[in-house]
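Open the model in your viewer and keep the selection box at hand. The tour goes stop by stop, and each stop says what to select and what is there.

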Amino acid sequence: MAHVGDNRRKVIFLLIDGMGSLPVKDGKTEWELTPTPNLDKLMQKGVYGLMHPIRIGVIPGSDTSQLNMLGYPPEKFYPGRGPLEALGIGMELKQGDIAFRANFATVDNNLVVKDRRAGRIETQDAHALAREISYMKIDGLEFIFKASVEHRGSVIVRGNVRGLGSEGICDTDPHREGARVVLREDNALARAIKKYTLKAHEILSKSSINRKRKLPANALLLRGAGTYNEVEPFEKRFGMKACCVAGAALYKGIARYLGMHVCHVAGATGTYSTDLEAKARAASAHLKEYDFVYLHVKAMDNAGHDGNVKMRIEMIRKIDKMAGMLGKEDAILVVTGDHSTPPTKREHSFEPVPILISNVAARSYGMKKFCEVSCAQGELGRIEGKDIMGLVMAYSGRSEKYGE
Ligand code: ZN
Ligand code: ZN
């Protein structure tokens, strides 16, 4: 038995990114159209409802929404995208660091952007170029760069940035081609970032790796700035030792930010080709050592953004199989999403998503098919993301009586 103590149970939290939808055919969503025998069975031994990941009527981003569901309200704990991505690609952040997402880009001599992704530079070339600009010291500040996949990477600015105008740090990325890199001089930090951008441009322009490239990766564009502040670790906050199984960097970053162990799973890519069975096996294996396994599946969201109903249906079949594997564990299984990404909208939307808490003692509400519509008939009714951890604590035997 994988019980923690007398009646405390382990928890698998299966987060299906962009899970919810709107009708795509005959008035039905992909979840209504696709057989889900495993999830249907799990419904019979669980409670279910609909969940507004942030608040009713709010269109969630993945990062803010997942922080909220994990018990860290984004109004207080969202550090911006930069620090989460930097953590996600394995960089170490220190209290007070500023982190940006960075792109290798192609610019002309006047720093006008010709290609925001430097022709989607290959990862190998990007890593070779990264070695030439991995560390710089400018005006007493350290600039640390790390490349990740293709044109992507992160920049950390370290040093005494307080008082240098670190409020309202702006992107250098103009976010469109044909516009000039945004370089400001209105405070000391902005001036240091300007010098850094020019120095990186100078070094990259001279690099032999760029000589053979039609679109040289001769500039770094910075965006998503945020300041890193340590937060109370998940284990301390909820008394559960936690780990994360995820493919994409952002979700690994969220997990590291909360002090979760990040599992390495071969085949977990965060794309359509991701190996969900390998992820399910990894989640099961980590239940021995951990009380809470955060398992993130990205591809439903990608298919929503692509407007690809067929791929969403294929992912639902795979997720159902995965849920069947996870449901066999002696652990509570939570299945939910961070927002809807209806393929008809190709964007995140405010509509609530199903939530199922299975492998618990539950009253029967008689629903037979796992989907948005039937979940609305369940005991959980309509909850918000902030309610989830309270329910997880209660169902896993970690809540204490309030009063006598
Ligand atoms: Zn998402
Ligand atoms: Zn999305």
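The domain bounds used here come from an automatic or database domain assignment. By that assignment, the chain is divided into domain 1, made of 2-79 and 232-401, and domain 2, which covers 85-227. Keep in mind throughout that this is a predicted model.

**Stop 1: the two domains**

Select 2-79 together with 232-401 and give domain 1 one colour, then select 85-227 and give domain 2 another. The C-alpha centres of these two domains lie 34 Å apart. Where they touch, seven residues of domain 1 and nine residues of domain 2 take part in the contact.

**Stop 2: the interface**

Stay at the border between the colours. About 600 Å² is buried between domain 1 and domain 2, and carbon and sulfur atoms give 53% of that area. Now select P79, A249 and R256 in domain 1. These residues lose the most area to domain 2, and together they account for 68% of what the domain 1 side buries. By class, the side of domain 1 that touches domain 2 has four nonpolar, one polar and two charged residues.

**Stop 3: across the border**

Keep R256 selected and add E92. What joins their side chains? They meet in a salt bridge, with 3.1 Å from N to O. The count of salt bridges between domain 1 and domain 2 is one. For polar contacts across this interface, the count is three residue pairs.

**Stop 4: the zinc ion (ligand 1)**

Select ligand 1, a zinc ion, and show the side chains of D17, S62, D338 and H339. Which atoms of these residues are the donors? They are OD of D17, OG of S62, OD of D338 and NE2 of H339, lying 1.9 to 2.1 Å from the zinc ion. The angles among the four donor atoms run from 103 to 127°, and the site is tetrahedral. In sequence, the spacing of the donor residues is D-x44-S-x275-D-H.

**Stop 5: the zinc ion (ligand 2)**

From ligand 1, go 4.6 Å to the other zinc ion, ligand 2. Select D301, H305 and H348. D301 appears twice among the protein donors, each time through OD, while H305 and H348 each give NE2. These donors lie 2.0 to 2.6 Å from the zinc ion (ligand 2). Is this site tetrahedral or irregular? With angles of 54 to 137° among its four donor atoms, the site of ligand 2 is irregular. Its donor residues are spaced D-x3-H-x42-H in sequence.

Technical notes: Residues are numbered from 1 along each chain as its sequence is written. Chains are lettered from A and ligands numbered from 1 in the order in which they are written. This is a predicted model: local features need pLDDT of at least 70, side-chain atom pairs count only at pLDDT 80 or more; totals for chains, interfaces and linings use all residues. Side-chain values use heavy atoms; hydrogens and water are left out. Contact means heavy atoms within 4.5 Å. Buried area is the accessible area (1.4 Å probe) that two parts lose on being put together, summed over both. A salt bridge is a side-chain nitrogen of Lys or Arg within 4 Å of a carboxyl oxygen of Asp or Glu. A polar contact is a pair of N or O atoms within 3.5 Å; within protein, one must be able to donate a hydrogen and the other to accept it, and residues adjacent in sequence count only if both atoms are side-chain atoms. Ala, Val, Leu, Ile, Met, Phe, Trp, Tyr, Cys and Pro count as nonpolar, Asp, Glu, Lys and Arg as charged, and the others, Gly among them, as polar. Donors are N, O and S atoms within 2.8 Å of the metal (3.2 Å for Na, K and Ca); water is not among the atoms, so sites may look incomplete. Four donors count as tetrahedral if all angles lie between 85 and 135 degrees; four count as square planar and six as octahedral if opposite donors are over 155 degrees apart and all others between 65 and 115; anything else is irregular.
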